[in-house]
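Student: Hi! Could you walk me through this structure while I look at it?

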Amino acid sequence: MSAAQWRKAMNSGTSIRAGVPASAAARPAQPALVDPYAHSDAPQWLKFLWRRLSARHVFVAAFVLLFPFFATPFVTFQIGAQSLALGLIALSLTFLGGYGGMVSLAQMTVAGIAGYVMAILGTSGTALSLGWPWWVVLPFAFAIAVASAVLIGWLSARTEGIYTIMITLAMGVAFYYLALQNYDIFNGFQGFQRVAPPTVFGVNWRAPLPFYFLVLFWALAGYFLVKHVIRTPFGIALQGIRDNPRRMNALGYSVVTHRVAAHALAGVIAATGGVLMVWYNGLITPGSVSTSWLINILVIAVLGGMKHPIGPFLGAIAFVLLQTFAIDLIDRERFNLLIGGVFLAIVLCSPDGLLGLWSRAKARLGSGQASSPMRSTHPDTNRRRQP
Amino acid sequence: MRVTKRTVVRSLIGAAIAGAFAGGAWAQQGPVKIGLLATLEGPFAAGGADGMRGAELALKQRGGSAGGRKVEIIKASSDAKPDVAVNATRKLVEQDKVDIMVGPLSGSEGIAVKDYAKTQPNTTFINGSSGAQATTLVDPAPNFYRFNTEGAQWMMGLGKAAMDKGYKRVMVIAEDYSFPYSQVQGFMTEFCRLGGKVPTKAWVPLGGKDYSSVIAKIPKDVDALLVVLGGADAVNFLTQYESAGGDKPMLGGSITVSQDVLNYKGKRRDSLVGTLSAGPVADAYDGADWKTFVADYQKNYPVSAGGFPSPSLFAYVYYQNMKAALDGLEAVKGDLSDGQKKYRDALGKMTLKTPTGDVKLDSNRQAIGSTFVTEVVKDDKGNLFNKVVRKVDDVDQLLGMKKEDFKIGSRDVPDCP
């Protein structure tokens, strides 16, 4: 949203719809056509659900909860769990990039730091690991990862645009080489093997089904956290800073503090994803934080779309499916061409990634009829933000 | 809720997706499925592609079937990172339901895949070309077989050849991970036993681009350099060493002077002539079986179609392991029932006839085989190739040591400054 649009939005008194197509903020303005709970004393949560929920939500929720019972363990684990864990890391970038205007390439680094702490302080197949119990290691993993995120945020908060990308990329690459060349702590190229999630409540959390639900839980937690935060005063201020930092500064908001705080919050999300990824892989090596992965996270976020917290998850599913199955569609040496081609096609056809495709499809399919009697979607709200 | 066109369309799309996910579960009788994993990306991409050629050649020689059953190869790729290798293997085993798995290519991948193999007791895993010692020495998986000798075994004989050339002090320059550790151990075990000294070892990161600091550290009083770098790294090092005016003779690791490095088209390639190395293959070995194998490779993969002038180490080792997989199938007439019990027994007892001689397995399912000591020479067409100096037979994984004396190679083991 440009400064002009921002001004218009502020003046007209409508709530900010920045980045969220058909955002929740816009909904109370819609006349509730048939709200059976409008005048009853039904509990608050029921009213809330009735007003917020649409067929889309029910369908997605049912799908993510039920599909592992029909799919093979492979699909549950490698496609489902991996996509959600990668999506979580990309979500932290979407939060920073889509709502804070800071494209940080170091989100995989933050995730990797959390993973490395798990491996170094916890148990692994390497003698370097200290073997502390998981409930001691986890707080350390989060604390160190968030501290690194704050450091990265603090160093990059005063930069804009391409310089943010450069400085975060530099820090990411620096960490990669540190991990690659340090043997006393990071065990160099070989990293740590056999890092397994703990067995808690008698459940082996590495088994496909429990692991999937573990990842799903944290993915949903991250998703709702971001959805919530962007509507809090902090989130609104962050979006204001994205659109016009100087104006927000003049209004009395500390730009740097907000940006660093956003990095810290994104750090928590990335660290969650990082811990899940190290459990998923069962190992961590410098390869897990290499430049290709730093960029893959950006690819996932851009592929899915940066305008809504569901974007990175969609992007991650597309990414993982392509990585896994592209080799079946096209012969050996050429399969990376297919991956690149699909990415290019999606980004060229729809600058908002898969989300953009979805809202366009919705606008076309849904034109002329309302999706649900509870509310109609204005095609306008789906218009792409100007670049 | 009113059922609308959109709801119907969404449900249809959803059902289609769910169907696609569930579809992979069909297992079928018929062809034996063999999963083939090699690196087609990253630093070993050229080697990985040649590895695949080698494995395919083993199947082509049998007309695409073994033990009376058709064999279908399903390929996957990694980029030499263990997590990627396990993801690719998991896809082959759990999604494509392969009966036998052949791969991966590099050392760390091998260890990770071996750990994964333990969770899949119904699939038989046969190595690709990974050469880490720990894969079969530490905590071996009962269903992981390796019909190729590994990194340390490949270097047996080089220590003696170096002493014969009069190299008494040698500096080691090697990549910093398990496979070069093994290679250096194989060399040093023999070299130090014969009285040689290794004053310095420089461990460089895999995929490093700049070797100037290492080159600056080379002491004046060493007689030769042992360079254990793979693929693009080796080419980078050689170029930089030449331009820095280096003139020490070189000893090469098994993958340093493999065919993909000899094919390097740069100006400095002549500096490779005279390099001693050791490995499980030698271009110029004159065994009849070897010549047949090379001729077969050249016929099936001519240079014009992307093949190498003669098969690389990766092609040969993949060929060897794939041949073992197929010979095993032949021995049990394609019977993979009962958790592949018969098949595994057959593999364990097999004496594999390879183009370089017989290979047997030890109790950890690791090969005992031959090693060649070679020297790089130039033929009249200007192609570089490895001339055989010596063939060492029956090299075992403990390098002739007793089990209790043997320690797996690392940055500091063995040591003789």
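Tutor: Sure, we can take it topic by topic. This is a predicted model, in which local features need pLDDT of at least 70, side-chain atom pairs count only at pLDDT 80 or more, and totals for chains, interfaces and linings use all residues. Residues are numbered from 1 along each chain as its sequence is written, while chains are lettered from A and ligands numbered from 1 in the order in which they are written.

Student: Okay, chain A. How many helices and strands does the secondary structure come to?

Tutor: Chain A has 15 helices and 2 strands. Helices (H or I, at least four residues) and strands (E, at least two) are DSSP runs, numbered from the N terminus.

Student: And what share of chain A counts as buried?

Tutor: Of its 387 residues, 44% count as buried. A residue is buried if 20 or more other C-beta atoms lie within 10 Å of its own, exposed if 12 or fewer, and partly exposed in between, with C-beta atoms placed from the backbone.

Student: Which helices could I look at for packing in chain A?

Tutor: Try helix H5 (residues 107-121) and helix H6 (residues 134-156) of chain A, which pack at an angle of about 150 degrees with their axes 8 Å apart. Axes are lines fitted to C-alpha atoms, for helices over the stretch in contact, and angles run from 0 to 180 degrees between N-to-C directions.

Student: What meets what there?

Tutor: From H5(A), the residues include A:Val110, A:Ile113 and A:Leu121, and from H6(A) they include A:Phe140, A:Ile144 and A:Ser148. Two residues are in contact if their C-beta atoms, placed from the backbone, lie within 7 Å. The residues of this contact divide into 13 nonpolar, 1 polar and no charged. Here Ala, Val, Leu, Ile, Met, Phe, Trp, Tyr, Cys and Pro count as nonpolar, Asp, Glu, Lys and Arg as charged, and the others, Gly among them, as polar.

Student: Nice. Switching to chain B: what domains does it have?

Tutor: The domain assignment gives domain 1 (32-148 + 288-368) and domain 2 (153-285 + 371-395) of chain B. Such bounds come from an automatic or database domain assignment. Taken over C-alpha atoms, the centres of domain 1 and domain 2 of chain B are separated by 26 Å. Their contact takes 23 residues from domain 1 and 26 residues from domain 2 of chain B.

Student: Which helix gives the most to the domain 1 side?

Tutor: That is H13(B), with 3 residues on the side of domain 1 of chain B that touches domain 2 of chain B. The residues of that side divide into 12 nonpolar, 11 polar and no charged.

Student: What about sheets in chain B?

Tutor: One open sheet has 6 strands in the order S2-S3-S1-S4-S5-S6 (chain B), with mixed pairing. Its edge strands are S2 (65-66) and S6 (144-145) of chain B, each pairing on one side only. Two strands pair if DSSP finds at least two bridges between them. Strand S5 (residues 124-126) of chain B pairs with S6(B) in the parallel sense over 2 bridges, and B:Phe125 stands opposite B:Phe144 in S6(B).

Student: And which strands run antiparallel?

Tutor: One such pair is strand S14 (residues 367-378) of chain B and S15(B), joined by 9 bridges. B:Glu375 has B:Lys387 in S15(B) as its bridge partner. The hairpin of these strands has 5 residues between them, and B:Gly382 takes a positive phi near 90 degrees there.

Student: Now B:Thr89: buried or exposed, and why?

Tutor: B:Thr89 is buried, because 26 other C-beta atoms lie within 10 Å. B:Thr89 lies in helix H3 (residues 82-95) of chain B. Not counting residues up to four places away in sequence, B:Thr89 touches B:Leu37, B:Met101, B:Gly103, B:Val113 and B:Tyr116.

Student: What kind of peptide bond joins B:Gly103 and B:Pro104?

Tutor: A cis one, with omega about 0 degrees. B:Pro104 sits in the loop between strand S4 (100-102) and H4 of chain B.

Student: Where else does a positive phi turn up?

Tutor: B:Lys333, a residue other than glycine, has phi near 55 degrees. B:Lys333 is in the loop between H13 and helix H14 (337-349) of chain B, and B:Lys333 is exposed, with 11 other C-beta atoms within 10 Å.
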